[in-house]
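Biologist: Before I trust any label, I want the rule behind it. Can we go through them one by one?

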Amino acid sequence: MVTDYLVVGAGASGLAFTDALVAETHAEVIMIDRRQAPGGHWVDAYPFVRLHIPSAYYGVNSLPLGDDRIDDAGENAGFYERASGEAVREHFAEAAARLERTGRVRILTGHEHLGRVADEVQVRDLATGKVHEVAVRRKLVDARYLEASVPSTHTPSFDVSPGARVVPVNDLPAAASSTTAYTVLGSGKTAVDACTWLLDNDVAPDRIRWIRPREAWFLDRAAFQPLEQVGGIIEGLSLDAEAAAQATDVDDLFQRLEASGRVSRIDPSRPATMYRGTMLSARERQAVRQVEDVVRLGRVRRIEPDRIVLAHGEVLTGKDVLHVDCTALGLRDAPAVPIFQPDELVLQQVRQNSPCFNAALIGFVEAHWDEDAHKNRLCAPNPYASTIEDWPRLMRVTWSNEYRWLREPELSAWVAQSRLNLLRALPDHAAEPSVQTSLQRFLTHVRPAIERLGQLDGAAVKAPGGR
Ligand SMILES: Cc1cc2nc3c(=O)[nH]c(=O)nc-3n(C[C@H](O)[C@H](O)[C@H](O)COP(=O)(O)OP(=O)(O)OC[C@H]3O[C@@H](n4cnc5c(N)ncnc54)[C@H](O)[C@@H]3O)c2cc1C
């Protein structure tokens, strides 16, 4: 087989990249994925998962996801719709079919990338075991560098003794009716979803125990609403910039962010160190605060039929208790490497919290510029955040990248019209007084913020364009 680009990974990143590249070039692409269907981790997601961001800026650029409807009931009332896992899978299946219909893209699911041998890349068909050689004229695209880890496919980091009842969160709906007591394991959004699902299904809060090794900060979903509500996004970013410019250290930074409503924690009386950039609405936060039996003894080491052994102690449990594993890492903490390399492209985050936008933007940049050094300047890699210590680098690199995009008219025109750009409706609202105020605050603070964040991050940078 011969192709211009071989894309390894047909998840959100691989599909959003290929969608943008094919729209901008005549390139031929082969995509491969170990899974039996396109969509990446969404193929194995738990049944009640939803996007934590609005559908309006998720998926591939050329195909809308949902109808940009504002929900009028439920915990998302007043906010733009968020697709279910099934709707996300359907979106990616349709995106893949449309790519194949161009006649320039072949998608080989059930195929695994093995590595490069001389000038060719080896790919194994998992059904037959047959190994194929692919000659790549331009680049191999690593669209699995940030591969997500999810409960249904990961190996838990704790032991389970015979007789203990432990299920991945995917099996919660099926297993829930056989018990009346639940222990949710994990500190992140999946654990929040498991607690919320139980509460929504009339499980009393005192029947739920939550093993939460770390306390997490969450963003407020109200401040990430696009289109008609885009003013809230720019207001939030201006508060981020103001807090960053004035912060004396990372703890002070998070106190400022919390005081301005940018971040919140489930238990405000506890220090929080985890920051993954996930969002909750005020209603979700209020709901899970009803769970009061929270165990904070570090990570689980072993679950036995009658006790749970943790890093810093143990608690009693029982054979009738259903333990729900929500401990998968989710986003991968991979270190930054150059995105554009001589024979390879390694897809990574460039703007915070926008995986599909990032992959599509990299596809556009690959299509329009030749020199790797320049492409890497436009797309500095920005690893996913894991702790509060990562916030200064996350926002500094995001704002520095965005500044460089503004200086490339072709690229900034693409960004301005991209469906995946959460700020795309900003020009339509720029004359509104509240938006004017936010823009002014953002512009006043963003350069000092980048320099301050560089100091907090130990990078001692100058804001781009500075003297
Ligand atoms: C539960 C959950 C909910 C999320 N919700 C949101 C959200 O609402 N909004 C948002 O912006 N982000 C969200 N994210 C972040 C999420 O990681 C991205 O949105 C996105 O789906 C990640 O896609 P990806 O293509 O980078 O990785 P993946 O989906 O992990 O895809 C990588 C693919 O590479 C394949 N692969 C790996 N190695 C090989 C190999 N050797 N050969 C062949 N194939 C290989 C894998 O099979 C996999 O399908 C969520 C993440 C999780 C875990």
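What follows takes the ligand shell, a sheet and a cavity in turn.

Modeller: This is a predicted model, where local features need pLDDT of at least 70, side-chain atom pairs count only at pLDDT 80 or more, and totals for chains, interfaces and linings use all residues. Residues are numbered from 1 along each chain as its sequence is written, and side-chain values use heavy atoms, with hydrogens and water left out.

Biologist: What makes a residue count as near the ligand, and which come nearest?

Modeller: One of its heavy atoms must lie within 4 Å of the ligand. There are 25 residues around the ligand, and Ser13, Asp33, His52, Tyr58 and Ala148 come nearest.

Biologist: Why is the pair between Ser13 and the ligand called a polar contact?

Modeller: A polar contact is a pair of N or O atoms within 3.5 Å. An N or O atom in the Ser13 side chain is 2.6 Å from a ligand oxygen, so the pair qualifies. For the side chain of Asp33 the distance to a ligand oxygen is 2.7 Å. For a polar side-chain atom of Trp42 it is 3.1 Å.

Biologist: How much of the ligand does the protein cover?

Modeller: Alone, the ligand has 990 Å² of accessible area, and the protein covers 94% of that. The areas come from the Shrake-Rupley method with a 1.4 Å probe.

Biologist: What classes of residue make up the shell?

Modeller: Eleven are nonpolar, eight polar and six charged. Charged means Asp, Glu, Lys and Arg; nonpolar means Ala, Val, Leu, Ile, Met, Phe, Trp, Tyr, Cys and Pro; the others, Gly among them, are polar. Strand S4 (111-117) gives the most to the shell, with three residues.

Biologist: How do you know that S15 and S16 pair?

Modeller: Pairing needs at least two bridges found by DSSP. Strands S15 (residues 300-303) and S16 (residues 307-310) have three, so they pair. They run antiparallel. In one bridge, Arg302 has Val309 of S16 as its partner. The open sheet has the order S7-S15-S16-S17, with mixed pairing.

Biologist: Why are S7 and S17 called edge strands?

Modeller: Strand S7 (159-160) and strand S17 (313-316) each pair on one side only.

Biologist: What makes an empty space a cavity?

Modeller: On a 1 Å grid over the protein atoms alone, a 1.4 Å probe must fit at its points but be unable to get out. One cavity of 30 Å³ or more is counted. The largest cavity holds about 40 Å³. Its lining includes Leu219, Asp240, Arg262 and Trp391.

Terms used. Helix = DSSP H or I, 4+ residues; strand = E, 2+ residues; numbered from the N terminus. Polar contact = N/O pair within 3.5 Å; in protein donor to acceptor, adjacent residues only side chain to side chain. 1 Å grid on protein atoms, 1.4 Å probe; cavity = no way out; pocket = protein on both sides within 12 Å on 5 of 7 lines; lining within 4 Å. Points joined across faces, edges and corners; volume = space filled by probe spheres on them.
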